[in-house]
Amino acid sequence: MKDLRTNKTELYIIIEDACDDGINDIDTFIFDNEEAARERFESLVKEDKKFLAEEGRNDTIEEDEDSYCSFPDGEYSTTHYWVSLLKTKNA
């Protein structure tokens, strides 16, 4: 197993936060391959958009290249889905 404290490889971290009725469920995924991380991030966004469409929900969506968030208007603190792709800096 690599000692990540001395690792010179860039890491890509996805943080996923799904909040329902004020209870957060947070998952973290770590990749050493940007393409794999990007594919996983895009898959998570696509899954949420599909869920919203299937439920007939018209949530507010805020997104850019590395971040996505959906939530019912005025309910972010109790109900939201947020995912972000972060990249570590080389030491």
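Which residues make up the largest nonpolar core? In this predicted model, that core has twelve residues, namely Y12, I14, F31, A37, F41, L44, V45, L52, Y68, Y81, V83 and L85. The elements that each supply two or more of these residues are β1 (12-20), α1 (34-55) and β5 (80-87), and α1 gives the most, with five residues. In soluble globular proteins, nonpolar side chains tend to be buried together. One member of the core, V83, touches I14, I15, E16, F41, L44, V45, D66, S67 and Y68, when residues up to four places away in sequence are left out of the count.

The chain that surrounds this core contains one helix and five strands, and its elements, read from the N terminus, follow the order β-β-α-β-β-β. Of the 91 residues in the chain, 30% are buried. The accessible surface of the chain comes to about 6400 Å², and carbon and sulfur atoms account for 48% of that area. When contacts in the chain between residues at least 6 apart in sequence are considered, 44% of them join residues that are at least 24 apart.

The strands form an open sheet of five, in the order β2-β1-β5-β4-β3, and their pairing is antiparallel. The edges of the sheet are occupied by β2 and β3 (60-64), and because each has a single partner strand, one side of each is left without a neighbour in the sheet. Neighbouring strands are turned against each other by 10° on average, if direction is ignored. Across the sheet lies the helix: α1 lies across β1, β2, β3, β4 (67-71) and β5, and runs at about 170° to β5.

Strand β1 is paired with two strands, and both pairings can be followed through individual residues. Nine bridges join β1 to β2, and these two strands run antiparallel; within this pair, I14 stands opposite F29 in β2. The hairpin formed by β1 and β2 has two residues between the strands, and in this hairpin D21 takes a positive phi near 55°. To β5, which also runs antiparallel to it, β1 is joined by eight bridges, and Y12 has K87 as its bridge partner in β5. Both Y12 and I14 also belong to the largest nonpolar core.

Three charged residues illustrate how individual side chains are placed with respect to these elements.

The aspartate D17 is located in strand β1, and it counts as buried because its relative accessibility is 10%, whereas the term applies to values under 20%. Leaving out residues up to four places away in sequence, D17 touches N24, D25, I26, H80, Y81 and W82. With one of these residues, N24, the side chain of D17 forms a polar contact of 2.8 Å between side chains. The C-alpha atoms of D17 and T28, which are eleven residues apart along the chain, are separated by 8.9 Å.

The arginine R38 is found in helix α1, and with a relative accessible area of 18% it too is buried, since this value lies under the 20% cut-off. Beyond residues up to four places away in sequence, R38 touches E65, D66 and L85. Two of these residues take part in polar interactions with the side chain of R38: the backbone oxygen of E65 lies 2.8 Å from a polar atom of that side chain, while the side chain of D66 makes a polar contact with it at 2.6 Å. L85, which R38 also touches, is a member of the largest nonpolar core.

The aspartate D32 is placed in the loop between β2 (23-31) and α1, and it counts as exposed because its relative accessibility of 53% is over the cut-off of 50%. D32 nevertheless touches T9, E10, L11 and Y12, again without counting residues up to four places away in sequence. The C-alpha atoms of D32 and K87 are separated by 9.7 Å, although the two residues are 55 residues apart along the chain. Y12, which D32 touches, has K87 as its bridge partner in β5.

Methods:
Residues numbered from 1 in each chain as written. Predicted model: local features only at pLDDT ≥ 70, side-chain atom pairs only at ≥ 80, totals over all residues. Heavy atoms only, no water. Helix = DSSP H or I, 4+ residues; strand = E, 2+ residues; numbered from the N terminus. Buried < 20%, exposed > 50% of the residue type's maximum accessible area, 1.4 Å probe, protein only. Contact = heavy atoms within 4.5 Å. Areas by Shrake-Rupley, 256 points an atom, 1.4 Å probe, with all protein chains shown as cover. Core = buried A, V, L, I, M, F, W, Y, C linked by side-chain atoms within 4.5 Å. Polar contact = N/O pair within 3.5 Å; in protein donor to acceptor, adjacent residues only side chain to side chain. Pairing = 2+ DSSP bridges. Axes fitted to C-alpha atoms, helices over the stretch in contact; angles between N-to-C directions.
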